[in-house]
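User: I would like to go through the terms used for this model and see what each one rests on.

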Amino acid sequence: MRILVTGAAGFMGCDLVDKLIDLGHEVHGVDDLSGGYEENVNPKSVFRKLDLRLKKETEEYISLIKPELIFHLAADASEGRSQFTPINSTERNYLAYLNVLVPAIKNKMKKMVLTSSMSVYGSQKTPFSEDMEMKPEDIYAIGKMAMEKSTHILSRVFHFDYVIIRPHNVFGPRQNLSDPYRNVIAIFINCLLNNKNFYIYGDGEQKRAFSYIDDFTPYIIKAAFDNKVNGETFNIGPVEENTINEIGEIVLSEFFKGKEVPTNLKPKYLPPRPLEVKEAWCTVEKAEKLLGYKTTIPLKEGIGKMIEWAKKKGPVPFKYLEELELSNSTTPPIWKDKLI
Ligand SMILES: NC(=O)c1ccc[n+]([C@@H]2O[C@H](COP(=O)([O-])OP(=O)(O)OC[C@H]3O[C@@H](n4cnc5c(N)ncnc54)[C@H](O)[C@@H]3O)[C@@H](O)[C@H]2O)c1
């Protein structure tokens with residue numbers, strides 16, 4: 001099967017490409033390297049550096065490859081920043097997706113595996129389940145909902161199969177450590193590597209669920225190759241939820257392993273980010289039943305593995321955008337004043 005993975009140089013994309021290659025597939029990967037790294041690209045895949053916002057070039061590329069199966073992971077996944085970069089978020093998420101999907105349909109793609117997000121549930125009562133309505137409350141989540149709904153609508157007219165995956169927060173080795181806008185565990189670890197304290201928004205009692213990468217990739221692959229789940233939507237992640245304060249404590253204890261945490265590295269608190277939902281975690285009963293999902297790597301162990309990898313890699317500077325599209329007094333000071 002000719003497979004295309006978009007976002008192939010990104011954190012989740014590169015792990016997926018590796019596992020598909022190990023299974024013996026012909027894998028093409030595409031990424032513009034805006035958030036991913038060339039070193040993540042599997043040399044056994046056929047890689048093209050391409051910005052999927054470019055409609056004509058993307059159409060030519062898809063017509064050349066004619067993928068039968070596509071895993072769409074490319075994104076600007078900075079949910080918290082999307083209110084301050086709404087155009088960038090929409091172009092890199094919804095529009096880039098249509099730039100892939102339309103020529104893929106014309107070139108007889110059989111199945112799309114779309115990586116959405118549990119942000120589509122908004123601030124409804126947790127645990128979120130797949131039969132809940134989508135009620136997005138930020139620009140990133142609106143984009144993901146538009147991608148999901150467009151997939152469903154176009155599949156009814158043009159008859160291709162699809163499956164939608166809504167991951168919880170995924171973390172692990174090869175995650176971008178230099179992004180100051182997203183991935184709380186990666187940010188905390190890189191702050192410590194740089195001998196700086198990290199910051200927590202609000203009171204830190206926000207609840208989230210975190211998956212180690214090895215507990216994510218096998219299920220997106222299972223969903224792709226199991227035709228019994230065509231047309232289904234799955235939450236993927238652990239049943240256990242944690243507060244950001246707990247995540248901070250685990251990162252510190254795993255980073256310093258039994259040693260005293262230096263006082264200058266204790267976390268500091270900032271006002272909450274605008275529109276950040278207090279609780280976001282899901283039930284995974286459907287994935288357990290239909291995909292055989294189970295959590296195998298406990299949070300502490302996963303964070304320990306990621307810290308081990310990050311310490312080998314060493315500290316990296318945080319990379320900020322040249323400017324935000326919109327800014328006001330609610331813009332987090334970390335971004336405005338480059339606090340980390
Ligand atoms: N990591 C998580 O916790 C999480 C949770 C829920 C959903 N997701 C979704 O999973 C997918 C993968 O996330 P990730 O954590 O691996 O992010 P990532 O940033 O590591 O990977 C995304 C990749 O897309 C690429 N990209 C961005 N814009 C592009 C464009 N215009 N053209 C080509 N490539 C482009 C980036 O360079 C990057 O390598 C995303 O769709 C994200 O929204 C991630």
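The turns below take up the fold as a whole, then a cavity and a pocket.

Analyst: Note that this is a predicted model.

User: Why is the chain called as compact as a globular protein of that length?

Analyst: The chain has 10 helices and 14 strands. Its radius of gyration is 19 Å, and the globule rule gives 20 Å for 340 residues; the two values are close, so the chain is as compact as a globular protein of that length. Along the principal axes, the C-alpha trace spans about 60 × 40 × 40 Å.

User: What makes a residue count as buried, and what share of the chain does so?

Analyst: A residue is buried when its relative accessible area is under 20%. Of the 340 residues, 58% count as buried.

User: What makes the space lined by Phe171, Phe210 and Ser211, among others, a cavity?

Analyst: A 1.4 Å probe fits in a cavity but cannot get out, so the term stands for enclosed space. The largest cavity holds about 60 Å³. Strand 10 (residues 210-212) gives the largest share of its lining, 3 residues. By class, that lining has 7 nonpolar, 2 polar and 2 charged residues.

User: How do you know which residues line the second largest pocket?

Analyst: Lining residues have an atom within 4 Å of a point of the pocket. For this pocket, of about 210 Å³, 14 residues line the space, and Met134, Glu148, Ile164, Arg166 and Thr233 are the closest to its centre. Helix 4 (139-158) and strand 6 (161-167) each supply at least two lining residues. The classes are 4 nonpolar, 3 polar and 7 charged.

Methods:
Residues are numbered from 1 along each chain as its sequence is written. This is a predicted model: local features need pLDDT of at least 70, side-chain atom pairs count only at pLDDT 80 or more; totals for chains, interfaces and linings use all residues. Side-chain values use heavy atoms; hydrogens and water are left out. On a 1 Å grid over the protein atoms alone, a cavity is a set of points where a 1.4 Å probe fits but cannot get out, and a pocket is an open set with protein on both sides within 12 Å along at least five of seven lines; lining residues have an atom within 4 Å of a point. Grid points are joined across faces, edges and corners, and a volume is the space filled by probe spheres set on the points. Helices (H or I, at least four residues) and strands (E, at least two) are DSSP runs, numbered from the N terminus. Ala, Val, Leu, Ile, Met, Phe, Trp, Tyr, Cys and Pro count as nonpolar, Asp, Glu, Lys and Arg as charged, and the others, Gly among them, as polar. The radius of gyration is taken over C-alpha atoms; the globule rule is 2.2 Å times the number of residues to the power 0.38. Buried means under 20% relative accessible area, exposed over 50%, partly exposed in between (1.4 Å probe, protein chains only).
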